[in-house]
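Work through the exercises below with the sequence and the coordinates at hand. Each task is followed by its solution.

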Amino acid sequence: MTKSKKLPDWDLSEYYKGIDDEQIDKDLKLYAQKAKKFAKDYRGKVAKLSADEFLKSLKDLEKLSVLAEKLSGFAYLNMVTQMQNTKASALYQRISESLTEAAKDLLFFSLEYNALSDAQVTSLLADKRISFYQPYLKRVRKFKPYELKEDIEKTLLEKDITSGSAWVRYYEEFMARLTYEVDGKKYNDAEISKLSLSKDAKLREKAGKEINRVSKENSFTVSYIYNMIIKDKAVEDEKRGFKTPMSARNLAEEVSDKTVDVLAETVRDNYKDIAWRFYKIKAKLLGVKKIKYWDRNAPLPFESDKTYSWDETVKIVLDAYKSFSPKLYDVAKEFFSHNWIDVAPKTGKRSGAFCSGPLVTEHPFLLLNFVGKRNDVLTLAHELGHGCHHQLRRKNGILNETTRMTTEEVASVFGEMLVFQSMLNNAKDKKEKISLLAMKVNDMINTAIRQIAFHFFETRAHAERKSGELSAERLNEIWLEEMKASLGPSVEVDNNSAAIWEQVGHFFFLPFYVYAYSFADCVVNSLYWLKLSGKVKNFEDKYLKLLSQTAIGDYKEIFKPFGLNPEKREFWQGGLNLIKYYLVQLEELCKGGNF
Ligand SMILES: [Zn+2]
C-alpha cells in the first residue's frame, strides 16, 4: 500500500469540536436540568397520565436519551483513538459519572410503568402514536420480574461506577498500556497480533511466544480483575433472581437459555467433523505434523504477499455489496464520501475494529486498524455491514433501538461473505483458491466454533466462581481444556499459551457475548445458503427488511419469511453445513497435492 498517502481519519466535530468544547459542559448541565424536570413532571403520576400526557413523557425521555448518547458517544469515540491521553479518558469518565448521577432522576419511570396493570398497558398501546414505542415499552416490561426496589436500583447504579464498570475500565486501560517486544522493537497489542499473521514463521513464533510471555506475566492482575467482574455480576444477578449467569444476557437479547444451549451443544458436536478435520489439512498445507498454537491463523506458505491499498479495498468491498444489492450499495457508499471512518493504526489507538454510532438516529462511525492485508479487506466488509445495518434502522427511533447481539452480527458477517465469494470467484488459479478457502474455513471456524469454545470457558468460569475465587492457574487450566477439545489433535496446545484468555475482551466488558458470534454466523450461513440456492423469492428485499427489524421484531418471527427457525437443532446444523461445504471443496483441491 502507498505509505505516503494519508488514510482517512474520522471527524467527530459534528458532535463536539474537541475535548475543550464548551458545549460539552452546557449539554451536561442541560441533561441534569431536563432530568430533574422530567422527575418533577411525572414522578408518582405515571399511572394517572392520559394517553396524550404519556406520549409527551415518552418524547421527553427520547430527547434526554439523545443528549446522553451524544455526550457519552462522543467521549467514547474521542478516547479510543488516543487511549494514552489521560485528558480524553478523564472526559469519558466525567461524562459517564455525570450522566449516571443525573439518570437517577429517571429511574422511577420504568418502575412506575411496570407497576401499571396489563389492562392499563393495553389501553395505552391502543393509541397509534404510543404503539410506535411498543418495542421499547415491551423491553422495559420484560425486566419487571427482575426489578428491585427503587432505592436499591439507585444504589446499584451509583456503586457501578466503582465496581463492575470500574473493573472493566481498568482492564481496558491496563491492556492498552501493555507493550510487547520482538527483536528489540516495541509493539502494542494490535501490532503484535498482526505479527502473528506474518508469512515469516520465525516472526510468528517470536510474536506468539511474546504474547504468551506477556499474558503469563499479567496473569495475577487480569485473573483478579476477572474474578471481580464475575462476582460483581453474580451479586446483582442473585439479587434480581436470574437463574443462570447468562440468563440476564439472554433476557436482554430475547433468546431463551435453551436456544443458546442447543446452539452450543450442536457446535460442540461438530468440533471433530469440522475443526479437527480442518486443522489436519491445514497442518498438511503448512508442512508440519502439528500446528503451533500461534499458527492457527497463519497464512499458507504459497499465499501471495499481495497487499491492498485503501482505495482498492474500498472498491472490492463496494463492488461485492453492489453485485448483491444495489440498494445496500447505496447505503454503503456514503461511508466513503464523508469522514466516518478512522482507518490507520496509531499509537494509543484501540486495537481491532468496530462500528459505533453515538446516536442511533444518526450515521455511525467505523474504527479500523487497516494495514492492507487481505484480512483487512474482510474487516472493512464486516464493519461496513454493521454500518449499513445501523443506517437501515435509524428510523426506528432511539428508544426502540437496541443492540441485540443475536442479530447484531448478521449484516457484518453477511457483508464478509459477499466479499469472500467475490474474491473466490475472481481467483485465478488452484493455489489462490486453496488459500482463499483455507482462510475462509479458518475464519468461519474462528467465529462459529472457536467462540463456542470461549463460551464454554466463560460458562465454566462463572459456574466455578460461585464456590470461591478462581486462581490464575485454574482459569488457565479450564482454558487449555476447552482449547484442546475444540482444536483437536493437529494443534499443539501447550501450557505456555494457557493465559491467552486474558486477551478475549468480551469476557470482561460483555460477559456471555461470545456465543453471539457463533449464533450470527450460523444464522448468516443458513441465510447465505438460501441465497445461493435461489429458493427464496425477493431475497434482497426480505434481507434488507430483516436488517431494519432486528431490534424491533421478535427474533423467531423475523426469520420466518426465509423459512428458518432458530429454535431447532437442524437450524444450527444447517449453518454449520455451509462450513463443511467449503471444507470439502478445500479437501478436494488438496487431494494428491504435494504441499
Ligand atoms: Zn462485528
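**Exercise 1.** Describe the open sheet and its edges.

Solution. Three strands make up an open sheet with mixed pairing, in the order 4-6-5; strands are DSSP runs of E with at least two residues, helices runs of H or I with at least four, both numbered from the N terminus. Two strands count as paired if DSSP finds at least two bridges between them. Strand 4 (341–342) and strand 5 (354–356) each have a single partner strand, so one side of each is left without a neighbour in the sheet. Strand 5 runs antiparallel to strand 6 (residues 365–367), joined by 3 bridges; Cys355 has Leu366 as its bridge partner.

The model is predicted: local features need pLDDT of at least 70, side-chain atom pairs pLDDT 80 or more, while totals for chains, interfaces and linings use all residues. Residues are numbered from 1 along each chain as its sequence is written, and side-chain values use heavy atoms, without hydrogens and water.

**Exercise 2.** Which residues coordinate the zinc ion?

Solution. The donors (N, O and S atoms within 2.8 Å of the metal, or 3.2 Å for Na, K and Ca; water is not among the atoms, so sites may look incomplete) come from His382 (NE2), His386 (NE2) and Glu409 (OE), at 2.1 to 2.2 Å. Their spacing along the chain is H-x3-H-x22-E. His386 lies in helix 18 (residues 374–392) and Glu409 in the loop between helix 19 (405–408) and helix 20 (410–425), 23 residues apart.

**Exercise 3.** Which salt bridge does Arg204 form?

Solution. A salt bridge needs a side-chain nitrogen of Lys or Arg within 4 Å of a carboxyl oxygen of Asp or Glu. Arg204 pairs with Asp295, with the closest N and O atoms 2.5 Å apart.
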